[in-house]
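Please look through the sequence and the 3D structure shown here, and then follow the explanation below. It begins with a single residue and widens step by step to the whole.

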Amino acid sequence: MAFGLMFTVMSGLIVVVTIVIMVVILLRAARGISTRNKNNHSPRLTVSAVVVSRRTKVSHHSHANAGDAGGGHHTTSSTWYYVTFQFASGDRMEFPVDGSEYGMLVEGDEGELTFQGTRYLGFERKRP
């Protein structure tokens, strides 16, 4: 009898965890679609701006190697790049950028920032 009860509890737990995971996935997808839609309907703006800061976010993931009897693992990492721009009004906005763009931007750079909503489109540095 105890085995049957334990099996029922575990089955219920698996169902609940699966539902929670599906809800999280659906909410994240909906938020991404909403942000993309909002950006698509925002005007494209080009304004004078200064690069005031840059940062990275690195996450590490450890994975078990499939079929490895020794229980080996490998690690992968992902890096996200962000740049904060300040406008003449004093307002600031941070944008995710790709690695090559991040490498080209330096704090103190002045120029013309082009963006659409929260989507970074480019930065053209002023020529000295």
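In this model, which is predicted, a useful place to start is Met10, a residue that is found in helix 1, the helix formed by residues 2-40. Met10 is partly exposed, with a relative accessible area of 44%, a value that falls in between the limit of 20% below which a residue counts as buried and the limit of 50% above which a residue counts as exposed. The C-alpha atom of Met10 is separated by 47 Å from the C-alpha atom of Met93, and these two residues are 83 residues apart along the chain.

Asn39 also lies in helix 1, and here the surroundings can be described in more detail. Is Asn39 buried or exposed? Asn39 counts as buried because its relative accessible area is 6%, which is under the 20% that the term requires. Leaving aside its neighbours within four places in sequence, Asn39 is in contact with Gln116, Gly117, Thr118 and Arg119. One of these, Gly117, is 78 residues away from Asn39 in sequence, yet the C-alpha atoms of the two are 4.6 Å apart in space.

From the helix we can turn to the strands. Ser48 has its place in strand 1, and with a relative accessible area of 39% it is partly exposed. When neighbours within four places in sequence are left aside, the residues in contact with Ser48 are Gln86, Phe87, Ala88, Gly111 and Glu112. Between the C-alpha atoms of Ser48 and Glu94, which are 46 residues apart along the chain, the separation is 15 Å.

These residues belong to a protein that has 2 helices and 5 strands, and whose elements, read along the sequence, follow the pattern α-β-β-β-α-β-β. Where do the nonpolar residues gather into the largest core? This core has 13 residues, and those with the most contacts inside it are Val83, Phe85, Leu105, Leu113, Tyr120 and Phe123. At least two of its residues come from each of strand 1 (44-64), strand 2 (73-87), strand 3 (92-97), strand 4 (110-116) and strand 5 (119-125), while strand 2 gives the most, with 3 residues. In soluble globular proteins, nonpolar side chains tend to be buried together. For a closer view of one core residue, Tyr120 touches Phe85, Phe95, Pro96, Val97, Glu101, Leu105, Leu113, Thr114 and Phe115, if residues up to four places away in sequence are not counted.

Finally, the protein can be considered as a whole. A compact globule of 128 residues would have a radius of gyration near 14 Å, whereas the protein has 23 Å, and its C-alpha atoms fill a box of roughly 80 × 40 × 20 Å, taken along the principal axes. Of its 128 residues, 20% count as buried, and the accessible surface comes to about 9,600 Å², with 61% of that surface belonging to carbon and sulfur atoms. Among the contacts with a separation of 6 or more, 50% are accounted for by residues 24 or more positions apart. As for charge, the protein has 13 positive and 10 negative charges, and the mean positions of these two groups are 7 Å apart.

Definitions and conventions. Residues numbered from 1 in each chain as written. Predicted model: local features only at pLDDT ≥ 70, side-chain atom pairs only at ≥ 80, totals over all residues. Heavy atoms only, no water. Helix = DSSP H or I, 4+ residues; strand = E, 2+ residues; numbered from the N terminus. Rg over C-alpha atoms; globule rule 2.2 N^0.38 Å. Buried < 20%, exposed > 50% of the residue type's maximum accessible area, 1.4 Å probe, protein only. Contact = heavy atoms within 4.5 Å. Areas by Shrake-Rupley, 256 points an atom, 1.4 Å probe, with all protein chains shown as cover. Lys, Arg positive; Asp, Glu negative; His and termini not counted. Charge placed at Lys NZ, Arg CZ, Asp CG, Glu CD. Core = buried A, V, L, I, M, F, W, Y, C linked by side-chain atoms within 4.5 Å.
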